[in-house]
Amino acid sequence: MPFSRVLFVLSSLLFGCSSLVVAAEDRQAIWDLTSERAELSRFVEYWPEPVQPAGIEAVAALDPQRWTQNLSDTLSLGYSESAYWFRVAVENPTNQAIESLLEIAYPVLDRIEIFINPESSAAESFVLGDKQPFHSRPIEHRNFVVPLTIAAGEQTWIYLRVQTTSSMQVPLILWNQNSFLAAEQARSMFEGLYYGIFLVMMLYNLFVFMAVKELSFLHYVGYITAMPLFMASLHGVAFQYLWPQATWWNDQAISVLLNLTLMFGAIFSVRFINVSASNHPLLHRWTVGVIALAGVLAFSGLMVPYKYLVFPTILLAFITCSTMLVLSIVRWVQQDPAARYYTFAWVFMLLGGMVLALSKFTVLPRNLLTENAAQVGSALGVILLSIALADRLEREKKRVFETQQRLIREERKARMAQEKSLQVQREANTQLEERVQRRTQDLEHLNEQLLELSATDALTRLKNRGHFDRIFQSAVVRAYRFDEILSLLVLDIDHFKKFNDTYGHLVGDDCLQMVSQCIQKFITRPQDLAARYGGEEFVVLLPDTPMSGALQVAERIRMEIEKTAFPVSGDVVHLTVSVGVCSVSPAKADATKDIFKWADEALYEAKGQGRNRVVSWNTDNQPVDSSVSPA
């Protein structure tokens with residue numbers, strides 16, 4: 001995704017931009033073919049369920065006067081033991097049904113029952129929540145996402161029953177499917193950056209601990225390991241990737257991991273800024289009590305339900321962060337050099353935690369800034385603490401060096417002893433440099449692996465769209481500079497949606513892997529590139545290749561896929577693909593959009609001519625069928 005597009009998506013998420021139309025007289029949500037994203041919170045009505053549970057039939061028949069209009073851009077009701085019913089109406093004024101996605105962007109809700117048009121014959125219902133196995137969701141996403149079809153010229157009613165021990169926040173977002181995918185790329189990039197920072201810092205400090213055997217680094221590793229795991233649990237990432245079937249642990253993990261974060265952070269703090277019983281007896285006893293309480297709450301999280309621990313844990317988090325901030329200021333006033341970075345680090349982390357906590361108690365609105373404040377604050381804090389550790393190492397090294405010089409001056413008369421001491425020091429420095437160099441090489445190797453993973457599509461093992469976009473731009477510039485022919489193939493699996501609907505998404509994934517293997521067989525030159533462009537669409541880039549060569553490659557791929565038997569549930573299915581080919585010598589260095597558009601139009605011409613064929617774009621700007629029609 002281009003950087004400008006990422007900025008647009010992030011700004012849209014931050015400020016709540018959408019294409020939703022509002023009718024002022026009845027605050028009715030209207031969704032048409034041009035709509036991309038909409039926050040539905042201000043159109044929602046809610047009703048607290050009494051002690052006796054109510055069924056959907058009774059709720060749908062409630063007097064409209066009993067519903068309370070939200071009248072806010074956020075839907076947050078704080079902590080409550082009772083269940084709530086929510087409803088919202090979305091109208092489609094067009095004459096065409098619209099396929100969209102409904103996202104509930106708060107992944108720690110316990111149970112969500114969704115009813116769509118419950119009074120009609122086409123009623124749909126879903127049961128979601130973090131107490132359900134992750135793979136039972138209709139769309140496997142860290143948030144709760146369900147497909148929503150808004151019928152043409154009709155009003156679609158959506159009812160939700162939500163019951164949770166966490167904060168009653170129900171952010172409803174309606175998405176155009178393409179806009180959702182684009183926004184998800186930006187969110188994934190942000191998450192990857194955040195967890196990447198922690199992974200690099202964790203490995204780096206673990207290697208440093210192994211080299212210098214300083215316990216502060218080990219405590220720090222415990223802290224920066226528990227912190228991202230807590231954030232991953234809070235944002236649903238851990239449930240998606242680490243424990244998708246462990247619903248009990250997923251509910252308890254937030255309190256356990258947060259208390260472990262507080263415990264390791266406090267242990268690291270008292271050692272790092274030297275708060276001991278001798279120099280600060282009162283603060284030391286208070287901090288030891290906080291550490292012990294965090295350990296008790298972390299252990300209790302394995303036995304006590306989450307709803308009984310949430311308030312003590314949040315209170316302890318505030319107390320712990322405030323305590324660490326006070327410790328750092330006291331040590332800074334006493335001119336401890338390590339306290340400078342440490343103070344700023346805890347300011348960032350405390351602010352992030354306070355903003356997140358206040359949003360859970362509805363003091364602050366729920367938006368992208370408040371939901372990610374803890375992540376941003378913790379990432380900045382970890383970076384500053386790592387700088388502080390590096391500064392401490394430098395000061396320790398300087399102190400050792402000065403001590404050595406003083407000893408050398410004092411023992412100058414004993415030449416033999418002096419030479420032996422210097423030799424020992426040289427060997428120690430050499431060993432330390434070798435260890436640091438080896439750790440640096442290990443980190444570089446890990447970075448290379450991370451770069452390769454970021455450029456590879458996890459399902460098909462082909463390159464992903466982001467990598468293709470970069471290579472495609474470079475290839476166009478080169479072809480323009482050296483006046484070479486550049487060929488682009490755009491492939492699409494025929495009737496793939498029907499295939500998915502018939503056999504399921506897991507079989508669809510196997511199908512995508514089979515097609516990618518067939519494509520890879522004919523990508524033989526080092527400069528050629530095959531990539532998954534999105535969904536069932538693939539691209540093949542052939543630099544310095546004329547039309548005839550590109551057509552041969554395309555036809556071979558098409559025939560290989562057609563003849564490859566794909567077993568499904570005891571049957572054998574033969575898939576086909578349509579291929580659009582464009583071979584041109586670029587007339588300008590930024591002709592990527594034009595070349596792709598021509599290849600894409602050739603692909604659609606192949607679809608229009610009956611599929612399972614190769615169509616090229618000729619010099620007269622017209623698609624030409626270049627394949628042999630199937631028998």
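In the predicted model, Arg558 and Glu562 lie four residues apart in helix H15 (residues 547-563) and are therefore separated by about one helical turn. The side chains of these two residues meet in a salt bridge, with a distance of 3.2 Å from N to O. The two partners fall into separate accessibility classes: Arg558, with a relative accessible area of 4%, is buried because this value lies under 20%, whereas Glu562, at 26% relative accessibility, counts as partly exposed.

Beyond this pair within a helix, salt bridges that share partners join Glu49, Arg111, Glu113 and Arg161 into one network. Within that group, the side chains of Arg111 and Glu113 form a salt bridge in which N and O are 3.2 Å apart. Here the arginine is the partly exposed partner, Arg111 having a relative accessible area of 32%, while Glu113, with a relative accessible area of 16%, is buried, since the limit for that class is 20%.

A further salt bridge connects Arg87 with Glu45, and the closest N and O atoms of this pair are 2.7 Å apart. The pair links distant parts of the chain, given that Arg87 belongs to strand S7 (residues 84-91) and Glu45 to strand S4 (residues 45-48), with the two positions 42 residues apart in the numbering. Both Arg87 and Glu45 are buried. In total, the count for the model comes to 20 salt bridges, among them the pairs Arg87 with Glu45, Arg111 with Glu113 and Arg558 with Glu562. In general terms, side chains of opposite charge can pair when their charged atoms come close.

The packing of two helices was also examined. Two packed helices are described by the angle between their axes and the distance between the axes. The axes of helix H13 (residues 496-503) and helix H14 (residues 505-521) come within 7 Å and cross at roughly 135°, which makes H13 oblique to H14, because this angle falls neither over 145 degrees nor in the range from 65 to 115 degrees. On the side of H13, the contact is made by Phe496, Phe499, Asn500 and Tyr503, and on the side of H14 by His505, Val507, Gly508, Cys511 and Leu512. By class, the residues in the contact of H13 with H14 comprise six nonpolar and three polar ones, and no charged residue takes part.

How values were computed
Residues are numbered from 1 along each chain as its sequence is written. This is a predicted model: local features need pLDDT of at least 70, side-chain atom pairs count only at pLDDT 80 or more; totals for chains, interfaces and linings use all residues. Side-chain values use heavy atoms; hydrogens and water are left out. A salt bridge is a side-chain nitrogen of Lys or Arg within 4 Å of a carboxyl oxygen of Asp or Glu. Buried means under 20% relative accessible area, exposed over 50%, partly exposed in between (1.4 Å probe, protein chains only). Axes are lines fitted to C-alpha atoms, for helices over the stretch in contact, and angles run from 0 to 180 degrees between N-to-C directions. Angles under 35 degrees count as roughly parallel, over 145 as roughly antiparallel, 65 to 115 as roughly perpendicular and the rest as oblique. Contact means heavy atoms within 4.5 Å. Ala, Val, Leu, Ile, Met, Phe, Trp, Tyr, Cys and Pro count as nonpolar, Asp, Glu, Lys and Arg as charged, and the others, Gly among them, as polar.
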